[in-house]
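Q: I would like to learn how to read a protein model feature by feature. Could you take me through one?

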Amino acid sequence: MDPIPGKDDADAGQGPLPGTRSTFTLHINGTARTLTLDHRTTVLDALREHLGLTGAKKGCDHGQCGACTVLVDGRRANSCLLFAVAQEGARITTVEGLADGDRLHPLQAAFLERDALQCGYCTPGQICSAVGMLGEAADGFPSHVTPRTATAPEERAPLGAEEIRERMSGNLCRCGAYPHIVRAIEDVAL
C-alpha cells in the first residue's frame, strides 16, 4: 500500500503540508476574526478550539443532535457540518453573542424563567435554534405541520406548541426538558 504523500513529514513534526491551510475572516458575534486553519476545520472546532467560544457543544459531531447550532447570516446551522474556510465573510452568532451586554436575549431569559434546562449541555444549541426558528416563522417559512391552507404569512396561526415542537425537532435534549423548552419559546413567540 502506498503511503499518503507527505503524511510522514506532517506526522514527524514538519508542520502542515503546503496548501492545506488558509487564512480567512469570520465575523463572530459582531467581531471580525481572522484565522489561519486547516481546510478540514469545522466552524464548531474553530469556535471552541481556536477562539475559546465554548457555548456551542460537540454532541454527535454528525449534525443529528443540534447541540452545536449557531446562526450563520441569521439562519440556524449545525456548526459541526460546516467547514470554517467555506464560511469566509459569514456573520456567525453563537449563544455568547445573543445577549446585549448584561441584558439577556429574550429567549435566554425565558429559558431561565421556565427552567427549560437540566444539565444545560443542549441549551446553547436549543436557544440558537429557537432564535433562528422564530426568524424563519416571521419570514413566512412553513413547517410540516403548518396548515396547507395558509398561503401567506399573515394567514398562518401563531406559533403554538405543535408548531414549535416540529420546528425544533432537530435539537435533542437528553434530559427531556422538552415541555419547558416549548413553553419558553411560546413565551417569546407571543
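A: What follows is a walk through a predicted model, from the overall layout to single side chains.

Q: Where should I begin, and what pattern does the protein chain follow along the sequence?
A: Begin with the secondary structure. The protein chain has 6 helices and 5 strands, and along the sequence they come in the order α-β-β-α-β-β-β-α-α-α-α. Of the 190 residues, 39% count as buried. Among contacts between residues at least 6 apart in sequence, 55% join residues at least 24 apart.

Q: How do I read the strand pairs, and how many bridges join β1 to β2?
A: Look at direction, bridges and the turn. Strands β1 (residues 21-28) and β2 (residues 31-38) run antiparallel and are joined by 8 bridges. Ile28 has Thr31 in β2 as its bridge partner. This hairpin has 2 residues between its strands, and Asn29 takes a positive phi near 50°.

Q: Which strand pairs with β3, and in which sense, parallel or antiparallel?
A: The partner is β4 (residues 75-78), in the antiparallel sense, over 4 bridges. Thr69 has Asn78 in β4 as its bridge partner. Here too a hairpin forms with 2 residues between the strands, and Asp73 in the turn has a positive phi of about 50°.

Q: Now a helix. Which residues of α2 are buried?
A: The general idea is this: an α-helix has 3.6 residues a turn, so residues three or four places apart point the same way. In α2, Val43, Leu44, Ala46 and Leu47 are buried. The elements that cover the buried residues of α2 include β1, β2, β3 and β5 (91-93). Just after α2, Gly52 takes a positive phi of about 70°.

Q: How do I describe the hydrophobic interior, and how many residues has the largest nonpolar core?
A: Ask which residues build the core and which elements supply them. The largest nonpolar core has 23 residues, and Leu98, Leu107, Phe111, Met133, Ile164, Ile181 and Ile185 have the most contacts inside it. Helices α3 (106-113), α4 (123-138) and α6 (178-189) each supply at least two of its residues, with α4 giving the most, 6 residues. A second, separate core has 21 residues, among them Leu35, Leu44, Leu51 and Val70.

Q: Which residues is Met133 in contact with, leaving aside its neighbours within four places in sequence?
A: Met133 is in contact with Arg76, Leu159, Ile164, Arg167, Met168 and Ile185.

Q: Arg76 appears in that list. Where does Arg76 lie, and what is it in contact with?
A: Arg76 lies in strand β4. At 23% relative accessibility, Arg76 counts as partly exposed. Leaving aside neighbours within four places, its contacts are Thr69, Val70, Leu71, Ser129, Gly132, Met133, Glu136, Arg167 and Met168. The C-alpha atoms of Arg76 and Ala130 are separated by 8.6 Å, though the two residues are 54 apart along the chain.

Q: On to charges. How many salt bridges does the structure hold, and what does the one between Asp45 and Lys58 tie together?
A: For each pair, check the distance, the elements and the exposure. The structure holds 7 salt bridges. Asp45 and Lys58 meet at 2.9 Å, N to O. Asp45 lies in helix α2 (residues 43-50) and Lys58 in the loop between α2 and β3 (69-72), so this pair ties together parts that are 13 residues apart in sequence. Lys58 is partly exposed, with a relative accessible area of 32%. A network of salt bridges links Asp45, Lys58 and Asp61.

Q: Are Arg167 and Glu163 buried or exposed?
A: Both are buried: the relative accessible area is 9% for Arg167 and 11% for Glu163. They form a salt bridge, with the closest N and O atoms 2.8 Å apart. Both lie in helix α5 (residues 161-167), 4 residues apart, about one turn of the helix. Now take the salt bridge between Asp100 and Arg103, at 2.8 Å, N to O: there Arg103 is exposed, with a relative accessible area of 55%.

Q: Last, the rings. Which residue lies over the face of Phe141, and how many aromatic pairs are there?
A: A pair of aromatic rings is described by the distance of the centres and the angle of the planes. The count here is 0 aromatic pairs. The face of Phe141 does have Arg75 over it, at 4.8 Å from the ring centre.

Notes: Residues numbered from 1 in each chain as written. Predicted model: local features only at pLDDT ≥ 70, side-chain atom pairs only at ≥ 80, totals over all residues. Heavy atoms only, no water. Phe/Tyr/Trp six-rings, centres within 6.5 Å; stacked < 30°, edge-to-face > 60°. Lys NZ or Arg CZ within 6 Å of the ring centre and 35° of its normal. Salt bridge = Lys/Arg side-chain N within 4 Å of Asp/Glu carboxyl O. Buried < 20%, exposed > 50% of the residue type's maximum accessible area, 1.4 Å probe, protein only. Pairing = 2+ DSSP bridges. Core = buried A, V, L, I, M, F, W, Y, C linked by side-chain atoms within 4.5 Å. Contact = heavy atoms within 4.5 Å.
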